[in-house]
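Visitor: I have a structure in front of me and many labels to make sense of. Could you take me through them one by one?

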Amino acid sequence: MSEGIVIRKCQGIEEFQRCVLLQKEIWGERDIEVEPATLFVVAAETGGQVLGAFDGERLVGYTLAVVGFTNGTVFLHSHMTGVLREYRDRGVGRALKLFQREEALGRGIRLVVWTFDPLEIRNAYFNLNRLGAIARKYLPDLYGLTTSPLHLGLPTDRLRAEWRLDSARVVAAVSDLVREPEAGSFAATIELPAELGHWKLSDAAKVAAVQTRIREEFTGWLARGYAAVGVRKTSGGIAYLLAPWSDF
């Protein structure tokens, strides 16, 4: 990570309000869709997390997580992680997630989940390859249509990442001990075209068609007990790699 960046818990309403301002700058949504400072207060006071990345006194990234409970297990739902554009590709996002992991494990919490757009391949690579999460659930239009220009007016389809913090897979990933997945070694793949990034700037209809196709493919494979476990480049673009998964 860039020298001088410090990751720590945010404290007090002033820092929570700075998270809100950062949220507006990153996602560009209308005020009605922006998470208010009161939610950050609630998360911090009820066992969640409000973590900040600071360059000196400047807040340049943050993570907001709330507590969840299912099937007798307490977990964290990591609702938002955002980093200012000029600080991306400098390890800030990964540092936030690693701090999140250590803080959670220190309290006996072994699972963190979050959602991400399957059309955002950089996020998929980060979540699955670099952090060691897996995705076993596809959630169509989870948040409804939003005003964020990042969402292109499309349904907010999401994959649900599961990050088992002390699993062998995650330990290897966060320790940089995982090799890039090899072609042909997975039972199924879901392909995204190389032109997708260009289409996001010029042809929303083509992006929508890709979204519709992969929604059907993910839904079918995940219903059969498969999980998305990584992504890799192919001759035609990028492919999600899927494998049967019943470990947890």
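Guide: What follows is a set of questions about labels and the values behind them. Keep in mind that this is a predicted model.

Visitor: Let us start with V229. Why is V229 called buried?

Guide: Set the value against the cut-off. Buried means under 20% relative accessible area. V229 has 9%, so V229 is buried.

Visitor: Where does V229 sit, and what does V229 touch?

Guide: V229 belongs to strand β9, residues 226-234. Leaving out residues up to four places away in sequence, V229 touches L128, I134, R169, F186, L241 and W245.

Visitor: How do you know that V229 and L128 are far apart along the chain, and what separates their C-alpha atoms?

Guide: Count along the chain: V229 and L128 are 101 residues apart. Their C-alpha atoms are separated by 5.7 Å.

Visitor: Now a charged residue. Is E15 buried or exposed?

Guide: The relative accessible area of E15 is 11%. The cut-off for buried is under 20%, so E15 is buried. E15 lies in helix α1. Among the residues that E15 touches are R8, K9 and F54.

Visitor: What makes D31 and K24 a salt bridge?

Guide: Two things are needed. A side-chain nitrogen of Lys or Arg must lie within 4 Å of a carboxyl oxygen of Asp or Glu. For D31 and K24, the distance from N to O is 3.5 Å. That value is within 4 Å, so the pair is a salt bridge.

Visitor: Are D31 and K24 buried or exposed?

Guide: D31 has a relative accessible area of 56%. Exposed means over 50%, so D31 is exposed. K24 has 33%. That value falls between the two cut-offs, so K24 is partly exposed.

Visitor: How do you know that R58 and E86 form a salt bridge?

Guide: Their closest N and O atoms are 2.9 Å apart. The limit is 4 Å, so this pair counts too. The pair links distant parts of the chain, 28 residues apart. R58 is in strand β3, and E86 is in the loop between β4 and α3. R58 has 40% relative accessibility and counts as partly exposed. E86, at 41%, counts as partly exposed.

Visitor: What makes K200 and E120 a pair that ties parts of the chain together?

Guide: First, the bridge: the closest N and O atoms of K200 and E120 are 2.9 Å apart. Next, the places: K200 lies in helix α6 and E120 in the loop between β5 and α4, so the pair ties together parts that are 80 residues apart in sequence. K200 is partly exposed at 22%. E120 is partly exposed at 28%.

Visitor: Which residues are joined into one network by salt bridges?

Guide: K9, E103 and R107 are joined, through salt bridges that share partners. A search of the whole structure finds 17 salt bridges.

Visitor: Why might such side chains pair at all?

Guide: Side chains of opposite charge can pair when their charged atoms come close.

Visitor: What is in the largest nonpolar core?

Guide: The largest nonpolar core has 38 residues. W163, F218 and Y240 have the most contacts inside it. Helix α7, residues 204-223, gives the largest share, five residues. Another core lies apart from this one and has 28 residues, including F40 and F54.

Visitor: Why is the space lined by D117 and L119 called a cavity?

Guide: The test is the exit. In a cavity, a 1.4 Å probe fits but cannot get out. One cavity of 30 Å³ or more is counted. The largest cavity holds about 80 Å³ of space. E120 and K200 are among its lining residues. The lining has five nonpolar, three polar and four charged residues.

Visitor: What about the largest pocket?

Guide: A pocket is an open set, which means that it is not called a cavity. The largest pocket has about 1,800 Å³ of space. Its lining has 46 residues, with W27, T81, E120, N123 and L150 nearest its centre. The largest share, seven residues, comes from α4. By class, the lining has 18 nonpolar, 13 polar and 15 charged residues.

Notes
Residues are numbered from 1 along each chain as its sequence is written. This is a predicted model: local features need pLDDT of at least 70, side-chain atom pairs count only at pLDDT 80 or more; totals for chains, interfaces and linings use all residues. Side-chain values use heavy atoms; hydrogens and water are left out. On a 1 Å grid over the protein atoms alone, a cavity is a set of points where a 1.4 Å probe fits but cannot get out, and a pocket is an open set with protein on both sides within 12 Å along at least five of seven lines; lining residues have an atom within 4 Å of a point. Grid points are joined across faces, edges and corners, and a volume is the space filled by probe spheres set on the points. Helices (H or I, at least four residues) and strands (E, at least two) are DSSP runs, numbered from the N terminus. Ala, Val, Leu, Ile, Met, Phe, Trp, Tyr, Cys and Pro count as nonpolar, Asp, Glu, Lys and Arg as charged, and the others, Gly among them, as polar. A nonpolar core is a set of buried Ala, Val, Leu, Ile, Met, Phe, Trp, Tyr and Cys residues joined through side-chain atoms within 4.5 Å. Buried means under 20% relative accessible area, exposed over 50%, partly exposed in between (1.4 Å probe, protein chains only). Contact means heavy atoms within 4.5 Å.
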